[in-house]
Amino acid sequence: MTSPSVKLNSQSAHQLLDYPITRLANSTSVIVPAFNEGIAIGALVSELRAVADWREILVVDDGSQDDTAERARTAGGQVVRHPYNKGNGAAVKTGIRLSTGMFVLIIDADGQHQPADALRLVAHLDTYDLVVGARSSQSQATMFRRAGNAVLNWTASYLTERSIPDLTSGFRAARRSCLIEFLHLLPNGFSTPTTTTLAFLKAGYNVRFEPIDAARRHGESKIRLGTDGVGFLLILLKVITIFSPLRIFLPISAAAFGVGAAYAAWTILTQSHVTNSSVLLIVLSVIILLVGLVSEQISSLRFEGRRE
């Protein structure tokens with residue numbers, strides 16, 4: 001005699017499988033920072049609404065001069081307008097402040113990210129505090145951008161001692177309470193993804209990089225080689241000094257000390273005295289080390305004193 005068993009039809013099993021993702025989506029506020037993205041914004045909002053029943057879709061119109069706000073509102077998004085252009089980061093911060101969900105999903109308005117991938121990111125928020133959509137290198141438009149991102153990824157991996165495949169992806173999902181902790185650190189420009197990723201890793205939060213493929217964006221990129229290239233260099237310096245200063249200051253100090261000591265030894269052997277150059281290099285190495293130690297203490301205090 002066989003024991004009775006409970007059988008689920010395929011539709012019931014599919015509903016049970018999707019329930020956790022549905023629950024997470026219902027608790028997620030979608031934030032779409034947009035500046036002159038009238039070409040793509042309507043389709044993006046419509047596709048997002050078709051993918052899941054989100055808590056809300058907040059389109060932050062960052063002072064657009066086209067019909068971005070009208071198209072987003074027609075598609076069913078809740079539109080918040082800036083009176084003038086403040087920057088991508090400022091739009092993201094506005095969205096975070098106004099969001100009401102337990103989780104936040106940030107997606108660019110240019111159409112390069114697939115709304116269907118949003119559920120893949122959100123599905124991991126039960127375990128991870130930040131899930132980043134990591135683009136493949138082939139998904140990035142130009143050789144310059146691929147090279148620049150590769151440098152940033154390598155630098156960030158060195159600073160955090162963890163492999164970071166995509167530091168600058170604007171497609172990410174996170175716990176809102178964690179994002180609020182670092183809101184004061186986020187710049188108004190294009191480095192919000194960089195800052196949030198490193199802040200989460202430095203604070204010891206769980207971070208996952210989910211592989212995705214990005215399409216070509218609609219319209220022209222808002223990033224300019226000249227001004228934004230200099231900006232990204234400044235971002236790199238800021239990242240170093242805020243998150244892991246000693247990992248930069250210590251090697252520079254060691255190199256200066258090594259060169260100074262070696263030059264001093266050579267001049268003692270060949271000229272029977274120590275030159276001013278070698279002394280200056282050794283003193284410089286000590287100063288750099290001390291600055292690094294102070295910076296490291298400031299960095300530690302910043303995170304130890306963060307709001308719980």
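**Helix α4.** I began with α4 in this predicted model, and listed its buried residues as Gly89, Ala90, Ala91, Val92, Lys93, Thr94, Gly95 and Ile96. That makes 8 of the 11 residues of α4 buried, so I noted the helix as largely enclosed by the rest of the structure. I then looked up what these buried residues pack against, and found the strands β1 (28-34), β2 (56-62), β3 (78-82) and β4, together with the helices α7 (176-181) and α8 (192-202).

**Ser99.** Moving on from α4 (88-98), I came to Ser99, which sits in the loop between that helix and β4 (103-106). Is Ser99 buried or exposed? I recorded a relative accessibility of 4%, and because the cut-off for buried is under 20%, Ser99 counts as buried. Leaving aside neighbours within four places in sequence, I found Ser99 in contact with Ser29, Glu56, Leu58, Val104 and Arg176. For Arg176 I could add that the side chain of Ser99 makes a polar contact with the side chain of Arg176, at 2.9 Å.

**Glu210.** I next turned to strand β7 (residues 207-212), where Glu210 lies. I noted Glu210 as buried, since its relative accessibility is 8% and the limit is under 20%. Which side chains make a polar contact with the side chain of Glu210? I found one such contact with the side chain of Arg120, at 3.0 Å, and another with the side chain of His124, at 3.3 Å. The list of residues that Glu210 touches, not counting those up to four places away in sequence, runs to Arg120, Leu121, His124, Val131, Val132, Gly133 and Ala134. I also looked up the pair Glu210 and Arg135, which are 75 residues apart in sequence, with their C-alpha atoms 8.5 Å apart in space.

**Helices α2 and α3.** For this pair I wanted the description by axes, since two packed helices are described by the angle between their axes and the distance between the axes. I read that the axes of α2 (residues 41-51) and α3 (residues 68-75) come within 8 Å and cross at roughly 25°. Angles under 35 degrees count as roughly parallel, and α2 and α3 are therefore roughly parallel to each other. I entered the crossing of α2 and α3 as right-handed. The residues that meet there are Ile41, Gly42, Val45, Ser46 and Arg49 from α2, and Thr68, Arg71, Ala72 and Ala75 from α3. Sorting the residues of this contact by character, I got 4 nonpolar, 3 polar and 2 charged.

**Thr275.** I then checked the loop between α10 (246-271) and α11 (276-304), which holds Thr275. Thr275 has a relative accessible area of 13% and so is buried. Once residues up to four places away in sequence are set aside, I found that Thr275 touches Tyr263 and Thr267.

**Whole chain.** Last, I took down the totals for the protein chain. How many helices and strands does its secondary structure come to? I noted 11 helices and 7 strands. Of the 308 residues of the protein chain, 45% count as buried. Among contacts between residues at least 6 apart in sequence, I recorded that 78% join residues at least 24 apart.

Note on methods:
Residues numbered from 1 in each chain as written. Predicted model: local features only at pLDDT ≥ 70, side-chain atom pairs only at ≥ 80, totals over all residues. Heavy atoms only, no water. Axes fitted to C-alpha atoms, helices over the stretch in contact; angles between N-to-C directions. Helix = DSSP H or I, 4+ residues; strand = E, 2+ residues; numbered from the N terminus. Parallel < 35°, antiparallel > 145°, perpendicular 65-115°, else oblique. Left-handed = near helix turned anticlockwise from the far one by under 90°. Contact = heavy atoms within 4.5 Å. Nonpolar A, V, L, I, M, F, W, Y, C, P; charged D, E, K, R; others polar. Buried < 20%, exposed > 50% of the residue type's maximum accessible area, 1.4 Å probe, protein only. Polar contact = N/O pair within 3.5 Å; in protein donor to acceptor, adjacent residues only side chain to side chain.
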